Amino acid sequence: MTDQPTEPNASVDAVVPVRPKRFLLIGWDAADWKLMQPLIDAGEMPNMRRFLEEGTSGNVSTLQPALSPMLWTSIATGKLADKHGVLGFAEPDESTGKSRPVTSTGRRCQAIWNILSNHQRPAGAINWYASHPAEEIEGFVVTDRFAHPIGPLDADKPHLGWPLVPGSVWPNDDLEALAPVRVHPAMISQDMVQAFIPAATDPDSVTWPKVSELRTLIAHSTTVHNAATAYIHERPWDFLGIYYDAIDRFAHAFMEYHPPRMEHLSKEDFEKFSGVMNACYRYHDLMLGRLMNLIDDDTAVCIVSDHGFHCDHLRPSGSSAIRDGKPVAWHRPQGVLAFWGPGIRKDTTLFGASLLDITPTILNGLGLPVASDMDGRPLMQIWETQPNEIERVPTFETETEKTVTETTGHNLATESAMLEQLRQLGYLGEDDAEALTIDRLRNLGIVFQSTGRPHKAVENFRAILAIKPDDRGAKFSLIGSLMATGAFDECETLVSELARADASDTRLALVRSAIAAARGEDSTALDHLRALADADQNNPAVQSQLGLAYYRSGSLAEAERSFDAALAVDPEDVGALDGIGLVYRATNRSSDAVLAHTRAIALDHHRPMSHFHLAQALADVGRTGWALEAIAVTLRMAPSLAAAHDLAADIYEQVMGNAAKAAFHRARSSRIRHGEGGRSPANKHASGIETPDVTIASTKHRAPDPSSEIVVVSGLPRSGTSLMMQLLHAGGVEVMTDGERAADEDNPRGYFELESVKQVARDTGWIDGAEGKAVKLVHVLLRVLPDDRDYAVVFMRRDIDEIIASQRQMLERHGKRGGSLQDDRLRAAYARDIDRTLTWLGRSKRFRWIQVSYNELMDEPTSQIDRVERFLGRSLDRAAMLACVDPDLYRNRAPATGDS
């Protein structure tokens with residue numbers, strides 16, 4: 001279903017939207033409507049039934065790869081993994097060179113609890129993935145290490161012999177006080193076990209491996225719930241996130257036993273464990289009811305799962321336990337999302353949500369701005385009444401840095417136990433650096449591939465093959481990314497390599513079919529797919545691809561049969577729904593096509609071609625207003641889809657009689673088709689967020705206006721920004737400085753800083769009257785400058801090794817330690833940061849900019865001063881500027897030219 005915009009009117013303007021004062025976010029890993037809804041209908045989940053009747057709910061689209069640490073960090077940040085930096089279950093440990101479970105220090109951006117804390121609003125996080133060590137926030141944190149049991153119980157030892165994990169709770173003083181809420185697996189009674197496994201009355205059942213596994217799962221989830229309920233009344237909070245990972249862990253352990261019985265199971269084992277998954281959901285409903293009773297009427301609640309979990313005939317063959325590091329085979333792309341509380345619509349269905357939308361929605365609901373660099377959007381359709389505008393800021397990343405507790409001291413025993421558990425579960429392989437590097441490269445490549453950035457994905461998969469040339473998975477992934485770039489010859493070379501190693505791999509036929517279809521060889525594509533379909537008639541993916549191949553060849557009856565076959569196996573196969581909609585329209589059944597495309601979009605909103613196909617069908621049946629809305633959604637996701645502009649032009653010209661809008665869309669279509677501007681739909685994230693172009697220009701083609709532009713001198717600290725400010729001042733440019741930071745040994749001629757500039761994210765009062773003047777600004781603050789002014793940026797570059805050396809000396813003189821990054825990592829981080837900043841400058845309409853090398857300025861000052869004068873478009877006192885360049889002040893000179 002397309003976005004339904006609300007037209008502003010007098011009655012809406014007069015209504016003050018009802019919004020909650022607090023937001024409780026409940027994460028149920030792998031929760032799925034398919035299993036849950038029958039239990040709700042049967043009255044076995046009464047709390048969830050009330051939640052749905054009094055709130056709004058629907059599917060939520062997962063992200064790829066569907067790995068919990070990456071997904072739950074995206075939920076908490078509103079950002080894709082390439083931005084937040086959590087790339088799997090493990091991360092490199094610099095001290096050992098091996099793996100360690102992923103930590104909060106590996107996250108590169110603010111989570112929602114950091115954002116609230118920075119706005120002086122208390123927040124809490126319980127058991128969130130990648131939350132250890134606990135971060136120091138205004139509120140409380142119980143990390144994902146707190147509930148992890150180490151060793152047996154011993155009544156004669158402190159805390160029953162179960163050691164506390166340092167840094168697992170913030171505030172630090174709460175760790176001892178919270179320890180008694182922990183539940184060890186040995187504390188789980190046999191009566192509790194029998195609530196999940198009624199057959200566990202046999203005395204020998206205490207030795208069943210599945211009973212031992214069940215005790216561990218119950219104990220862990222109970223500890224998480226106890227910690228949440230301990231804090232929910234004791235401490236103030238405006239946001240509280242509680243992550244329950246039990247449904248996913250229960251499902252991997254017991255979903256294969258869920259009815260109907262799978263072929264590989266004995267009747268005895270099936271009868272023992274067939275009721276565990278239903279009991280797991282009933283248990284979560286009890287915990288939900290407790291939370292609903294503890295909160296007040298000013299609190300809204302969101303329940304979300306990161307993905308679903310196959311529970312029916314679509315379950316993969318064999319065990320649901322994770323094998324060979326492949327936890328995603330049983331994961332379903334549609335998860336659970338529901339909202340309940342003040343201001344939330346009642347008993348309605350939610351469409352088009354992504355995991356990336358959760359944090360923006362909660363921030364908006366709490367009256368806080370949404371950051372433009374988030375990849376998600378607020379789900380405004382959940383509210384009974386809506387404001388006319390969403391408050392936005394460019395970013396939250398310039399606010400107070402997130403900090404972790406000082407008592408982090410990574411607990412080696414806990415980390416080792418967690419790593420071993422992840423390995424035994426199949427989430428991790430060996431802990432050597434090479435295996436971890438490959439794992440992270442693969443996951444990041446999948447992120448790029450699934451979000452329409454194939455060129456970046458290609459780089460990652462090539463990097464894997466450089467380390468491990470026989471990595472079969474990387475070769476298949478590389479083929480998929482190369483196809484998106486049109487490199488079909490290389491794809492065929494890789495297919496030949498794969499076939500020589502294992503010609504029986506059925507994926508080869510799918511790949512060969514896709515390559516043939518991309519080359520326009522429809523009959524060859526059909527041959528490959530027919531052979532696959534004959535071998536596996538119950539594979540909906542194969543049938544859906546076969547239907548599309550038939551459709552392209554004009555064999556509409558065969559296409560419909562193939563799509564029907566796919567939908568008979570999986571009624572929620574999005575590709576088949578979209579494909580059969582195309583067949584319906586081609587056979588003059590456009591009303592049926594509207595329904596098919598709408599169902600596809602309801603399951604997966606982030607498919608621009610599905611919205612376009614819907615628009616075509618709507619135009620056929622005369623629903624022109626809805627068709628134009630569908631086109632608008634299409635073009636937000638794929639702005640360079642010329643066919644969408646053509647359809648809009650036809651509607652405006654032939655139906656609406658609006659010649660001006662028709663002419664606009666025809667002109668836009670023409671520019672796209674002739675390669676003049678616009679971007680490929682491949683440069684779009686699946687979430688609809690546009691990826692910035694990599695190419696940057698040194699200046700914009702806007703004529704400089706010295707009287708209206710604000711001159712901004714920027715760059716990394718110690719890159720020569722103070723020298724450039726001194727030059728501009730000597731040249732006759734008025735500089736903005738308060739002299740608060742006095743000259744010292746590091747900058748004997750002064751810093752030329754304005755202290756209030758450092759608070760630009762919160763206060764821009766200094767900017768009034770800044771036109772025509774120069775101000776110094778560290779590079780990370782460029783993004784938060786108000787977008788209603790024009791800027792001329794002089795961006796200083798310097799050999800990065802010199803910058804690091806200069807920063808280190810400056811910190812040592814002031815008795816400070818600085819960050820913990822080693823030089824090689826700091827060097828790489830600075831290089832990435834500069835590239836990101838310059839890329840952003842290159843696409844920002846309000847900024848002209850020029851790079852000036854500090855190294856060249858010191859060696860050849862005349863030419864560099866000439867460049868600055870031309871760039872600013874004003875006459876400067878070049879002699880006075882030249883006199884400011886003192887080679888004796890060029891310290892920490894690198895022995896050879898580096899990155900400048």
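Trainee: In which loop is arginine 718 placed?

Mentor: Arginine 718 sits in the loop between β16 and α29. Please keep in mind throughout that this is a predicted model.

Trainee: What is the sign of phi at arginine 718, and is the residue buried or exposed?

Mentor: Although arginine 718 is not a glycine, its phi is positive, at about 75 degrees. Burial is judged by a cut-off of under 20% relative accessible area. Arginine 718 has a relative accessible area of 16%, so it is buried.

Trainee: Which other residue has a positive phi although it is not a glycine?

Mentor: Glutamine 120 has a phi of about 60 degrees, and its place is in the loop between α6 (112-118) and β5. Exposed residues are those over 50% relative accessible area. Glutamine 120, at 57% relative accessibility, therefore counts as exposed.

Trainee: How should the sheet that contains β16 be read, and what is its strand order?

Mentor: One begins with the order and the direction of pairing. This sheet is open, has four strands in the order β17-β16-β18-β19, and pairs them in parallel. Because β17 (774-778) and β19 (847-853) are the edge strands, each with a single partner strand, one side of each has no neighbour in the sheet. From one strand to the next, the twist averages 25 degrees.

Trainee: How many bridges join β18 to β19?

Mentor: Strand β18 (residues 790-797) is joined to β19 by seven bridges, and the two run parallel. Within this region, alanine 792 stands opposite arginine 848 in β19.

Trainee: Which helices lie across these strands, and at what angles do they run?

Mentor: Helix α29 (residues 721-731) lies across β16 (709-715), β17, β18 and β19, and runs at about 150 degrees to β16. Helix α33 (residues 861-872) lies across β16, β18 and β19, and runs at about 175 degrees to β19.

Trainee: How does one read the faces of a helix such as α28, and which of its residues are buried?

Mentor: One asks where the buried residues lie around the axis. In α28, the buried residues are Ala662, His665, Arg668, Ser669 and Ile672. Viewed down the helix axis, they fall within an arc of 130 degrees, so they line one face of α28. These buried residues pack against α26 (624-637) and α27 (642-656). The face turned away from the buried side carries the exposed residues Ala659 and Ala660. As for length, α28 (residues 659-673) has 15 residues and reaches 21 Å from its first C-alpha to its last, close to the 21 Å expected at 1.5 Å a residue.

Trainee: What does aspartate 471 touch, and where is its place?

Mentor: Aspartate 471 is in the loop between α16 (454-467) and α17 (472-485). With 6% relative accessibility, aspartate 471 counts as buried. Not counting residues up to four places away in sequence, aspartate 471 touches Ile438, Arg442, Ile464 and Leu465. Aspartate 471 and phenylalanine 461 lie ten residues apart in sequence and 9.6 Å apart in space, C-alpha to C-alpha.

Trainee: Which residues are joined by cis peptide bonds?

Mentor: Histidine 132 and proline 133 are joined by a cis peptide bond, with omega about 0 degrees. Proline 133 lies in the loop between β5 (123-126) and β6 (139-142). Another cis peptide bond joins proline 259 and proline 260, again with omega about 0 degrees. Proline 260 is in the loop between α10 (246-254) and α11 (267-273).

Trainee: How many disulfides does a search of the whole structure find?

Mentor: A disulfide is a covalent bond between the sulfur atoms of two cysteines. The search of the whole structure finds zero disulfides. Cysteine 311 is buried, at a relative accessible area of 7%, and cysteine 491 is buried at 0%.

How values were computed:
Residues are numbered from 1 along each chain as its sequence is written. This is a predicted model: local features need pLDDT of at least 70, side-chain atom pairs count only at pLDDT 80 or more; totals for chains, interfaces and linings use all residues. Side-chain values use heavy atoms; hydrogens and water are left out. The expected span of a helix is 1.5 Å times one less than its number of residues. Buried means under 20% relative accessible area, exposed over 50%, partly exposed in between (1.4 Å probe, protein chains only). The arc is that of the directions from the helix axis to the C-beta atoms. Contact means heavy atoms within 4.5 Å. A disulfide is a pair of cysteine sulfur atoms within 2.5 Å. Two strands pair if DSSP finds at least two bridges between them. Axes are lines fitted to C-alpha atoms, for helices over the stretch in contact, and angles run from 0 to 180 degrees between N-to-C directions.
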